[in-house]
Each structure stands twice: as C-alpha cells, then as structure tokens.
Amino acid sequence: MKEKVIERLIRYAQIDTQSDPESSSTPSTKKQWDLLNILKDELAEIGLTEISLDENGYLFATLPSNTDKEVPTIGFLAHVDTSPDFSGANVQPKRIDNYDGGDIQLNDGIVLSPNQFPNLKNYVGQTLITTDGTTLLGADDKAGIAEIMTAMEYLVEHPEIKHGKIRVAFTPDEEIGRGPHKFDVAAFGADFAYTMDGGPLGELQYESFNAAAAKVTTHGISVHPGSAKGKMVNAITMAIKFHNFMPQEAVPEKTEGYEGFIHLMSFNGSIEEATLSYIIRDHDREKFEAKKEYFRVVEQRIKEEFGEDAITVELEDQYYNMREKIEPVKEIVDIAKRAMENLNISPIIEPVRGGTDGSQLSYMGLPTPNIFAGGENMHGKFEFVSAETMELAAKVIVEIVKLFEAEEK
C-alpha cells in the first residue's frame, strides 16, 4: 500500500484545487473539477459502482457488500480543495526516503528543520513527502483521498475480506467551511461515515469547535487632513479601537486543547471604510454564544462614541460541535479505536481545534467522526506527510469495515 499512497498523493497534489471564499459558486473554483473528474475515472477503473458526480462537485461511489450479513452502510469522505491561505499552484512534491532526522533543504532559501518543527523527529527512518518551499503540499486532504482510494482498491483486490456496503465521497470547499452545504445525505445513503481529514498518526476526533464568522465594517468620513478638525471620522481608527476591545489572550497563538479563541483573519481599510474579518471558535456552546454576544457589546460601545451608523457587525454561524450528535452512536468511535489498536496504533482521542465536514454532516443526520490522514504543518510551505502514516490510515479503513462486518451476527 505504501507506494500506492505515495504515487496517488504526489499525482493529486500537483493539481491546483484551491477554494475561494469570495466566490459564490459551488465548487467555489472551477479547478476543483479537474481533480474530481480524474477521481471519477479512477473510481471506475478500481471497480467501484454507482459513481455519480453532481452539478455542485460532490462525487459519490459504492463498493458493494460481499457479505450475507445485515451490516450498516459505512461512508468514507475526503475533500478535494486545498486552503486559500497559501499558494497551491504548481505544487512540486519532494520525496525524502529514510529521513535521517536532520534539516531538509526544500530549496536554496527554505529549510524544513526539526529545530523549528520538533515533530519531524517522530519520523526518523520514514519516507516523507514535502513541498519545494514555494507552495503548500495539499496533504490536507489529498492524503485522505489517496488513503480512501488505496483502501478501496485493496478491498476490491481482496474479496476474501468480508464487508458491508461502503460509500465513498469526495467533496469541494471544505477549507472555506462549505464542504457539506450541498451534500445530499439521503442520496449518499450511509448510516455512519468517517472523514479521513485528521493530522498525525492515531488522531481520532468526535468533538469539534462551535464556529462562527464575523465581519466588522466601520464607516467614516474623509476630509482633507488640513481642514479635518471636527469633520473627519477615521474608519481605520474605529476599526483599531474595535479590535483593541477584543480579548488579547483568547487568540489561536495562545490557546490549546479546549480553549476557544477570537481570531482576526484580515484587516483592510481607508478613511471612509475599514473591514475586519474574524472567526470565533469554542468547544463549549455557552462560551461560544458569549463570544458572539461580546461582538454586539463592543459594537454598541463604538456606536455610543462615533454614532449609530459608524459600524455594522455581521455574525454567521458556520458549524457546531459534532459531539452532541455522535455520542448517541459512540460505538462508531469505539470501532475506529479498536481498528487502530488492532494495528498497534495508539489512538489519540482529542477535540478538533478546527472543523471538518463531519461537524456539519453530523447535524445533517450523518454522524461522522474524523480519523488521521497524516498531514503536519498544514496550509503552508512547511507542510509534510509520512508515507508510513498514510499507509496505516488506509489499513485503518480496511480494519473498520472488517470490524463492522464481524460485529453482526
């Protein structure tokens, strides 16, 4: 399996599939179709059936059951888009065999070093796939795609492994929070699913953030600075004042585990108008709602100082903590845990400090925990993934479907 996942990841990574949060189409970028169409053909070549690719870029396929038992239909999902945070054009993956634990020269000016990224030390002796230092890699989530494809191919080639009906889905726009927005849960027809979209070996997640986006716009009045006294209203100054009211410790760079945050993503402005874009995250629903309400409190303070029309705050919920929907069917987490243990993998059950498509899908009626795909340092030029971890992720998929079949009488 190892060479299969390597070959697939490198091939998929070279296809630019970045999503675009400013686009209103689905998929948000036409280039996501390039990979979707390749995957559609590849699924057919492997031998899957009921392959469909709808007008919104959702690719579904089936590996039919080969058992007489009544086994739940299980789904495996990964997303085709890569993050808009860093360039995904002209990705040139590099293969490092038998990694020696030292610096990796990505290009003349960029070094991937264990001094900066100590997690590299976990992969001594393994095969790493890295960037060339100019783009992201896209292992989030093309590693997940490679693992699912490789696992499905393996199951087709080994019919002695008994399993129920398996559904596969490759989806667009996960990186901009829209992955499940047009996902047809009824058409997918699975009882449960797993996203192959986690990080390092052993990750198993069924808790995610509650998430919202906030757009803050301040409105000013531009007047020549030489005669501005008593007339100019500076939108940039208002925006800075708004942000200075935000908590200074509840930010991504100072939080971990179950700690939530308010994250300023972008700031653009002029005298006439300034815009701040935030994301709001917390695992605890009450704390999440309190963070959103605080935006309203600060909005009112700015209005009291600068006037009722000085500021607008738009809040939009993105997804909720999937734990609430998965706990009633916790056996799907237990089976994934057992699958890892059967492969001598130590499960790391921890909350997702982010979201996956499973966050939204769980609330749409498809309970969907998240399993490791192997990527590290994602969304940037220092991204890398271990081929051995990808191979184990593919084996976990195989083991999960075996366990579901074995559970039934």
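**Exercise 1. Find which residue of β15 stands opposite Glu 203, then place the two strands in their sheet.**

Let's take it step by step; keep in mind that this is a predicted model.

Step 1. Look across from Glu 203: the residue opposite is Ile 348 in β15.

Step 2. Now look at the strands themselves. Strand β10 covers residues 203-205, and two bridges join it to β15. The two strands run parallel.

Step 3. Zoom out to the sheet. It is open, has eight strands and shows mixed pairing. Reading across, the order is β1-β2-β8-β3-β9-β16-β10-β15.

Step 4. Find the edges. β1 (49-53) and β15 (348-349) are the edge strands, since each pairs on one side only.

**Exercise 2. Work out which strands the helices α2 and α10 touch.**

Step 1. Start with α2. This helix packs on the sheet and touches β1, β2 (59-63) and β8 (166-171). Its direction makes about 170 degrees with that of β1.

Step 2. Go on to α10, residues 387-407. This helix also packs on the sheet, with β3 (74-79), β8, β9 (192-198) and β16 (370-372) as the strands it touches. The angle between the directions of α10 and β16 is about 135 degrees.

**Exercise 3. Asp 16 forms a salt bridge with Lys 31. Decide whether Asp 16 and Lys 31 are buried, partly exposed or exposed.**

Step 1. Recall the idea: side chains of opposite charge can pair when their charged atoms come close. For Asp 16 and Lys 31, the closest N and O atoms are 2.9 Å apart.

Step 2. Locate the pair. Asp 16 and Lys 31 both sit in the loop between α1 (2-13) and α2 (32-46), 15 residues apart.

Step 3. Use the cut-off: buried means under 20% relative accessible area. Asp 16 has 19%, so Asp 16 is buried. Lys 31, at 28%, counts as partly exposed.

**Exercise 4. Explain why the salt bridge between Glu 305 and Lys 241 ties together separate parts of the sequence.**

Step 1. Check the contact: the side chains of Glu 305 and Lys 241 meet at 2.8 Å, N to O.

Step 2. Name the helices. Glu 305 lies in α6 (residues 285-306) and Lys 241 in α5 (residues 235-244), so the pair joins parts 64 residues apart in sequence.

Step 3. Add the surroundings. Glu 305 is partly exposed at 47% relative accessibility, and Lys 241 is partly exposed at 28%.

Step 4. For the wider picture, the structure holds 27 salt bridges.

How values were computed: Residues numbered from 1 in each chain as written. Predicted model: local features only at pLDDT ≥ 70, side-chain atom pairs only at ≥ 80, totals over all residues. Heavy atoms only, no water. Salt bridge = Lys/Arg side-chain N within 4 Å of Asp/Glu carboxyl O. Helix = DSSP H or I, 4+ residues; strand = E, 2+ residues; numbered from the N terminus. Buried < 20%, exposed > 50% of the residue type's maximum accessible area, 1.4 Å probe, protein only. Pairing = 2+ DSSP bridges. Contact = heavy atoms within 4.5 Å. Axes fitted to C-alpha atoms, helices over the stretch in contact; angles between N-to-C directions.
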